[in-house]
Structure formats: C-alpha cells, structure tokens
Amino acid sequence: MTHINLISDTVTKPTPEMLEVMFQAEVGDDVFGEDPTINKLQQKAAEMFGKEAALFCPSGTMTNQIAIAIHTQRLDEVICHEYSHIYQYETGGYAYNSNVGIKLLRGNNGILSVDQIEAAINPTYDWLTHSRLVVLENTSNKGGGTYYTNKDIEPIKDLCKKRNMFLHLDGARVFNALVETNESPKEVGELFDTISICLSKGLGAPVGSLLIGNKEQIRKARRLRKAMGGGMRQAGYLAAAGIYALENNINRLKDDNDRAKQLGKTLSTLNYVGDIRPIKTNILIFDVKPPFNADIFLKLLKEKGINASPFGPSTIRFVTHLEITDSMIEKTKSILKELEDRF
Ligand SMILES: *Cc1c(COP(=O)(O)O)cnc(C)c1O
C-alpha cells in the first residue's frame, strides 16, 4: 500500500541530493563562529532578504522566541492574531522567556488589518502594558495557508514606525506565499524589523530556522540562543541542507500549492464535505459532515494509506509538500471519492 502523508510539510526526509551536500559539508565549531557552512547559510539568508545578518537556530519556535525577547522588555505586550504560532504552539514561551503579555486579535482566516492593529495599541498610561511588538504570520498556519501581500503589510509597517513599535514576521512558510504573489524576499526584508524562516517545512531540510535582521539584533540573538541552550557546534552538516533547500526547493513550492488546490477541487464535489476554507497555498482545511467526524474520517483514510491531522472535532487538515507527487494526488482523489460510499 502506498503511504501518503498529508500530516504536515515537516515530515519530509532529505533527498539523496540533499544528503550528498550534507556529507560533503565543511564544518567547524559554530559557538566560536567557525563553521564555514553555517556562516555561508547565514550570509545567504541575510542577503536574500536584504538584511545585514542572520542566525541559524534549531527551530522556528526558537527564532520567534528570540525575536520577541530582542524587541520587548518586561511588562510590554505583543499584538498578534489569535491563531498565531507564537501563541498557539510555543508553550506560552512569550511569557516564560520574555515576561510579556499578549493581545490576541480575531481576523479573517489568520489575517489582520491595519485598522484592527491600530485600535489594539494601548495608550501610554502607567497601568497599561506597552504595546511594543506586532507579529504577523505569513503564511498563516492555523488560518489555512492564507497570506498577506506586501501591499497589505506596508500600512502595518508604517503604523508600527509611527507608534514606535517593532514588526516581526513569522515566515515559517513565507516562500509558499512569495511563489504566489511573485514578490521578492528583498521587498519582504524592507517591511519587517526581523524575519524568521523555516528550512524544515516545505523547503525540505531536516532541521533548522533562521532569524534575519540587523547586526545589533543578531548579536543579541546569538547570546539569547546560547542562553536557551541552542548554541550548536558542527551543525554545518545541517546548514548544508539549508543552503541546498534555499537554492533548489523554493520555486517548486508552487507545485505544492497547486496540488493542494487540486485536492480542494475534488473535495468540493463530495457529499460528506462541508465548509472548505479558501485554499491559497499548501494547506487545506475542511469540515466533514455527520455522521462523519474527524476521528471516523481519519481512521477511514488511514485504512487506505493516507495520514492527515484533525483540526477540530469535525475539521481536517491536509498539507502538501515535496514528497507528495502527482500520482499520490490522483490516488488521494480516488480514495476521497470512494469514501462517499461509506458516508
Ligand atoms: C512550524 C512553524 C513554526 C516553527 O515550528 P518549529 O517546530 O519550532 O520549527 C513557526 N511558525 C509557524 C507558523 C509554523 O508553522
């Protein structure tokens, strides 16, 4: 039986080509700044986004947590969408690591407007938190892969400047957005104070994220990374995979996005499928109707060799990625159609 894993784009394993460059990597002790492959990856990422510097970290949680710590002081507040990864999936790290509060906003499938953010900024009274940092997520994970264009972000950037606030991008999947909008990473770099990107999602590297910013921010970030236990030694083997991913795996993300849309088209014809969230990139979120629910439906899929995740009692998430081929998409479509008989 073919196994089709739609659980997340984190499930990919390095390809033989990626493994080959990992084996060949020149490495050193990165705590001393002496791993040439990590240095090359950091420089490459910084240049891509038109920034001065970057820092290789073990995870996107760490890059986000370091960004929050860089931009805030105790008793400050972060403003973000209620679906944000920094709130939902980072174990409350903003409070633990940075002693800050968080103000959650509701918006259209994970996307915030400038007016909402402006209305959420606290005036400066002694008894209120200082609104210090806005975090945008592009694409929005829990929002179902929705994205902002740079035009959407520009007024948010202007607002943050005017109100003396910082703007951080959780760009775990920013390249899935950029292949749709045809915007460049450099333009993204102009909008944000700091940017986090993940190498281990759709880009297919086994481990790693980068925090990108100016020299001063990244100097502080290096110290915070060490304090969090994230100083790494000969991690150039992993950085080599990251360089390979940035050089080879960005443009192909369009295929992942297109494949998610194809699956969505099939779902929209099926008797057991309820609401399907707008499919903008490689994440597909939909409801199944009773008597199906998430548990029953996922079990039926699993019997046919397809793995996916629950996203609520009757809600399912599919994520496409570089191990999902056209023939797997065809196979998935026919299994989804067969399940109409079980409804
Ligand atoms: C995956 C992800 C991260 C980082 O997650 P890690 O598992 O810590 O690497 C951050 N933000 C978003 C939106 C993500 O999807």
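User: Is Cys-198 buried or exposed?
Analyst: Cys-198 is buried, at a relative accessible area of 7%. Buried here means under 20% relative accessible area, exposed is over 50%, and partly exposed is in between, using a 1.4 Å probe and protein chains only. Keep in mind that this is a predicted model, where local features need pLDDT of at least 70, side-chain atom pairs count only at pLDDT 80 or more, and totals for chains, interfaces and linings use all residues. Residues are numbered from 1 along each chain as its sequence is written, and side-chain values use heavy atoms, with hydrogens and water left out.

User: How many disulfides are there?
Analyst: The count is zero, taking a disulfide as a pair of cysteine sulfur atoms within 2.5 Å.

User: Why no bond for Cys-198?
Analyst: Because the closest cysteine sulfur, in Cys-57, is 10 Å from the sulfur of Cys-198, too far for a bond.

User: And what about Cys-80?
Analyst: Its closest cysteine sulfur is in Cys-160, 13 Å away, so that is too far for a bond. Cys-80 is buried as well, with a relative accessible area of 0%.

User: New topic, the sheet. What's the strand order in the open one?
Analyst: The order is E2-E8-E7-E6-E5-E3-E4, seven strands with mixed pairing. Strands and helices are DSSP runs numbered from the N terminus: E of at least two residues for strands, H or I of at least four for helices. Two strands pair if DSSP finds at least two bridges between them.

User: Which strands are at the edges?
Analyst: E2 (53-57) and E4 (101-105), each pairing on one side only. Neighbouring strands of the sheet are turned by 20 degrees against each other on average, ignoring direction.

User: How do E3 and E5 pair?
Analyst: In the parallel sense, over four bridges. Asp-76 stands opposite His-130 in E5.

User: Which strands does H2 touch on that sheet?
Analyst: H2 packs on the sheet against E2 and E8 (209-213), and its direction makes about 130 degrees with that of E2. Contact means heavy atoms within 4.5 Å. For the angles, axes are lines fitted to C-alpha atoms, for helices over the stretch in contact, and values run from 0 to 180 degrees between N-to-C directions.

User: What's the angle between H2 and H11?
Analyst: About 30 degrees, with the axes of H2 (residues 36-48) and H11 (residues 236-248) 8 Å apart. Residues in that contact include Leu-41 and Met-48 of H2, plus Ala-240 and Ile-243 of H11.

User: OK, where does E10 sit, covered or not covered?
Analyst: Mostly covered: six of the six residues of E10 (residues 283-288) are buried. Ile-283, Ile-285 and Asp-287 are on one side, with Leu-284, Phe-286 and Val-288 on the other. In a regular strand the side chains alternate between the two faces of the sheet.

User: What does E10 pair with over five bridges?
Analyst: E13 (residues 315-319), in the antiparallel sense. Ile-283 has Val-319 as its bridge partner in E13. E10 also forms a hairpin with E9, with six residues between them.

User: Which peptide bond near Pro-291 is unusual?
Analyst: The one from Pro-290 to Pro-291 is cis, with omega near 10 degrees. Pro-291 is in the loop between E10 and H13 (294-303). Most peptide bonds are trans.

User: Where is Asn-99?
Analyst: In the loop between H5 (93-98) and E4. Asn-99 has a positive phi of about 55 degrees without being a glycine, and is partly exposed at 39% relative accessibility.
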